[in-house]
Each structure stands twice: as structure tokens, then as C-alpha cells.
Amino acid sequence: MAQVRPGRWAAHIDGDFVVFLIGARIDVRHPVRSLRDLGGVRGMPYMLKHLGQHPEKGLLGYETYGLTMNVQYWRSFEDLERFANDDDAPHRPAWRSYWRRVGRDPRSGIWHETYLVRAGEYEAVYGNMPPHGLGRAAGLVSLTAGSSARGRLKRLTR
């Protein structure tokens, strides 16, 4: 477990980045079938392991929440798109397999949301926390006592 950083910290990243939320809906009556639908051993944990071994692909970091959701931080939308469409990367085969297995059957579901974040138009603050979320993916800087959300969000101060 990561060590707690006492005090107030903020995530810091140079330039634009992408926040990608991705998740699944599992049929609780047939969880094994749902997990197979979602790629089985070639599903999301496998994809994240692959991306961790290939930092040049652009994934900065991620946080996983249970079996059904994770938040990913990407250097750019182009990196995310390139990974999603690469026939030699694990996403494309899993995506095709899902649609072949499930099609329009409502037994399991997948979803994602993509947010393009411009430099200076985000705030991520952590108090007495280990590195987490964007701060873990990008890095942390110490906050001064007088700083405010408005001051940290550059768009509001222009």
C-alpha cells in the first residue's frame, strides 16, 4: 500500500490529457457467463497489464473500482484511440469477441465515457492521502495554505 502523504497536495500534469471512465454491467444471475462476455482472462485486467508494460502507448495511470469500473488517465485522445483500434493490442480482439458473443442480448453491458481535459482546467486535491487518481498517474505538488480552487483553475483566473 502506498504511503500516506500528510498535508494538502494537488495533482499536476503538464499539458492536456484525457480521463476515460470504463465499466461493465454484470448479470448477477450468471456472473461467470458475464465475465466470459467481458473477455475472461483477456478482459480489462489483461489490457491494463499490457498497457503497464508498454508506457509508450500513452496510459498514464488508472484506478480500479471493483470488478466493474475503472478510471484511466491518458496522455492524449490520439493515444487512447490508437490503442482501441490496434489489431495487435488486446482491446480490439476483446471488443470484437464481446459483440460476437453478446450482440444485442441485454445479459451483460459495457460503457465508457471520454473527457478531454485542457491544461489548467482541472483540479484534483488530496488531503492526508496516498497518491491516488490523477495525482498517482501524473504526480503531486504541495499546496500552499492560501491556495483556492478558483486560483488553481487557470481558466477562471484569466
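## Exercises on a predicted chain

The protein chain contains seven helices and seven strands, where helices (H or I, at least four residues) and strands (E, at least two) are DSSP runs numbered from the N terminus. This is a predicted model, in which local features need pLDDT of at least 70 and side-chain atom pairs count only at pLDDT 80 or more, while totals for chains, interfaces and linings use all residues. Residues are numbered from 1 along each chain as its sequence is written, and side-chain values use heavy atoms, with hydrogens and water left out.

**Exercise 1.** Describe the open sheet of four strands, its edges and the helix that packs on it.

*Solution.* Begin with the strand order, which is S3-S4-S2-S5 with antiparallel pairing; two strands pair if DSSP finds at least two bridges between them. Next, consider the edges: strand S3 (59-65) and strand S5 (109-117) each have a single partner strand, so one side of each lacks a neighbour in the sheet. Neighbouring strands of this sheet are turned by 15 degrees against each other on average, direction ignored, with axes being lines fitted to C-alpha atoms, for helices over the stretch in contact, and angles running from 0 to 180 degrees between N-to-C directions. Then turn to the pairing of strand S2 (residues 17-25) with strand S4 (residues 69-74), which is antiparallel and extends over six bridges, and in which Leu-21 stands opposite Val-71 in S4. Finally, helix H2 (residues 44-53) packs on the sheet and touches S2, S3 and S4, its direction making about 20 degrees with that of S4; contact means heavy atoms within 4.5 Å.

**Exercise 2.** Locate Pro-106 and determine whether Pro-106 is buried or exposed.

*Solution.* The first step is to place Pro-106 in the loop between helix H4 (91-101) and S5. The second step is to consult its relative accessible area, which is 63%; buried means under 20%, exposed over 50%, and partly exposed in between (1.4 Å probe, protein chains only). Pro-106 is therefore exposed. As a last step, the C-alpha atoms of Pro-106 and Arg-25 are separated by 9.7 Å, although these residues are 81 residues apart along the chain.

**Exercise 3.** State which element holds Asn-128 and give the sign of its phi.

*Solution.* Asn-128 is found in strand S6 (residues 125-129). The phi of Asn-128 is near 55 degrees, a positive value in a residue other than glycine. For context, most residues other than glycine have a negative phi.

**Exercise 4.** Characterise the chain as a whole through its box and its buried share.

*Solution.* Taken along the principal axes, the C-alpha atoms fill a box of roughly 55 × 30 × 30 Å. Of the 158 residues in the protein chain, 37% are buried.
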